[in-house]
Amino acid sequence: MAKTKQEVRRDSKITSSIIIATLCVLLCGISIFFNYAYKKINTEYKDNQNKYATLSTELSDKRNNVQTLEKEIDDLNNIENRIEEIKEAYFKNAVKAEELVRSGKADFKICYLTFDDGPYSKTTPGFLDVLEEYDVQATFFCLAKEGVDDIYKREKMNCHTIGNHTASHAISYIYSNIDLFINDLLENRKFIEDLLGIKTDVMRFPGGSPQVSYSGLNSAAMVERLREIGYGYIDWTLTTGDGGGPTYLTPEQFMHNVTDYSSEFDVISVLMHDYSTNTLICLPDMIEELTAQGYIFLPLSYDAPIVRK
Amino acid sequence: MIVLLICFIGICGYLGYRFFDLKSSNNELINNIDLLNQELLEINDKTEKLKQDVDSLSSQKSDLLTEHTNWQRQNKKLEEILK
């Protein structure tokens, strides 16, 4: 029996309602699933955000560490340049100090302690110990000697000036003509430069500058040659007498050879030899006495007014 | 019924969009974390190497470091005297 129009419409409505209801249920299920999955992934996302923040901080710290280390390496690589810079500043101040003293505007005096003929493996370390103990800088006029590299290095490390005293100190040979003398001097310059990386520019003549004319050489020509190769030279104001004076002198007398006369000066250079045990014995008392007389102790530099050019 | 269906479609669409959007952000975050971890490993290696270099240079240059410190001290002392 055929359905009436009304029945067909009713059936169609029922079918549509069932489909829509089914779709609604399905969509409801999907929504519930999405909501559940969202909550789950949201927890994970928050954890990841925390993790990311922690890692970022850690990475930033590590980057800073790397920068610090790289700077440290640069600093270490540039240390030789920085030493040169600070030495330059120091010696400028030292020149200024001597100029102040010489112009009578300073309340201190200047003493350049100098030690010739070393280094000596047995005695020089003792001198370096005393100077270190008193925090005093000096000048070592060295020869070219093998087997005492550590001593040369220690002298440099403790801010003493290394001066040139010729390679051989063979007086009768080197003073036979100016060229021989200059060659011997340059040989020592090269020896020291190869060992320490510093170019000496202050020298002392073996026997002192009068030895040049005693040997029959032209002093003015010698000084001109020194100037050409960039050397200034210095003799001495006072000496302990350890370089060939009377052998019976005691350490006290060595000291008095200096301290009894030093008060007459404002700027002195003291000649000593780092092979002399008597000088070593009197050195602490000498430093104390000179300090009491108002002296400060400086290492020599080419620009020091006391150095002759 | 149709209004109800439209509402459900809207809600479902919104929740789906929200879910996939967060999932994509989370994946991006996970990738970034992987990158950070990788960078962290590299930087750890670099730090170790740099530390070794610093140690090695410091021991090689310990005399120079001492000399530098000594000169700094002497210069300061002289500057004090000149003040």
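At the start of helix α8(A) in this predicted model, a side-chain oxygen of N218(A) comes to within 2.9 Å of the backbone nitrogen of A220(A). A polar contact is defined here as a pair of N or O atoms within 3.5 Å; within protein, one atom must be able to donate a hydrogen and the other to accept it, and residues adjacent in sequence count only if both atoms are side-chain atoms. Helices (H or I, at least four residues) and strands (E, at least two) are DSSP runs, numbered from the N terminus. Residues are numbered from 1 along each chain as its sequence is written, and chains are lettered from A. Local features need pLDDT of at least 70, side-chain atom pairs count only at pLDDT 80 or more, totals for chains, interfaces and linings use all residues, and side-chain values use heavy atoms, with hydrogens and water left out.

Helix α8(A) comprises residues 219-228, and its buried residues are M222(A), V223(A) and L226(A). These residues lie on the same side of α8(A), because they cover an arc of only 95 degrees around the axis, the arc being that of the directions from the helix axis to the C-beta atoms. Buried denotes under 20% relative accessible area, exposed over 50%, and partly exposed the range in between (1.4 Å probe, protein chains only). The face turned away from the buried side of α8(A) carries the exposed residues A220(A) and E228(A). The cover over the buried residues of α8(A) includes α6 (178-196), β4 (202-203), α7 (210-214) and β5 (232-233) of chain A, where contact means heavy atoms within 4.5 Å. G230(A), with a positive phi near 80 degrees, follows α8(A).

Helix α10(A) spans residues 277-292; for its 16 residues, 1.5 Å a residue gives an expected span of 22 Å, in agreement with the 24 Å between its end C-alpha atoms. The expected span is 1.5 Å times one less than the number of residues. A kink of about 45 degrees nevertheless lies at L283(A), shortly before the proline P284(A); the bend at a residue is the angle between axes fitted to the seven residues ending there and the seven starting there. The buried residues of α10(A) include T279(A), C282(A), L283(A), P284(A) and M286(A). The buried residues of α10(A) pack against β1, α3, α9 (251-262), β7 (267-273) and β8 (295-297) of chain A. G294(A) follows α10(A) and has a positive phi, near 100 degrees.

Most residues other than glycine have a negative phi, and most peptide bonds are trans. In the loop between β1 (109-116) and α3 (124-133) of chain A, where P119(A) is placed, the peptide bond from G118(A) to P119(A) is cis, with omega near 0 degrees. D117(A), in the loop between β1 and α3, is not a glycine but has a positive phi of about 80 degrees. D117(A) is buried, at a relative accessible area of 9%. A positive phi of about 75 degrees is also found at T166(A), likewise not a glycine, in the loop between β3 (161-164) and α5 (171-174) of chain A. T166(A) is buried, with 0% relative accessibility.

Over all chains, the structure holds zero disulfides, a disulfide being a pair of cysteine sulfur atoms within 2.5 Å. For C28(A), the closest cysteine sulfur is that of C24(A), at 8.6 Å, too far for a bond; C28(A) is partly exposed, with a relative accessible area of 28%. The sulfur of C159(A) lies 15 Å from the closest cysteine sulfur, in C142(A), again too far for a bond, and C159(A) is buried at 0% relative accessibility.
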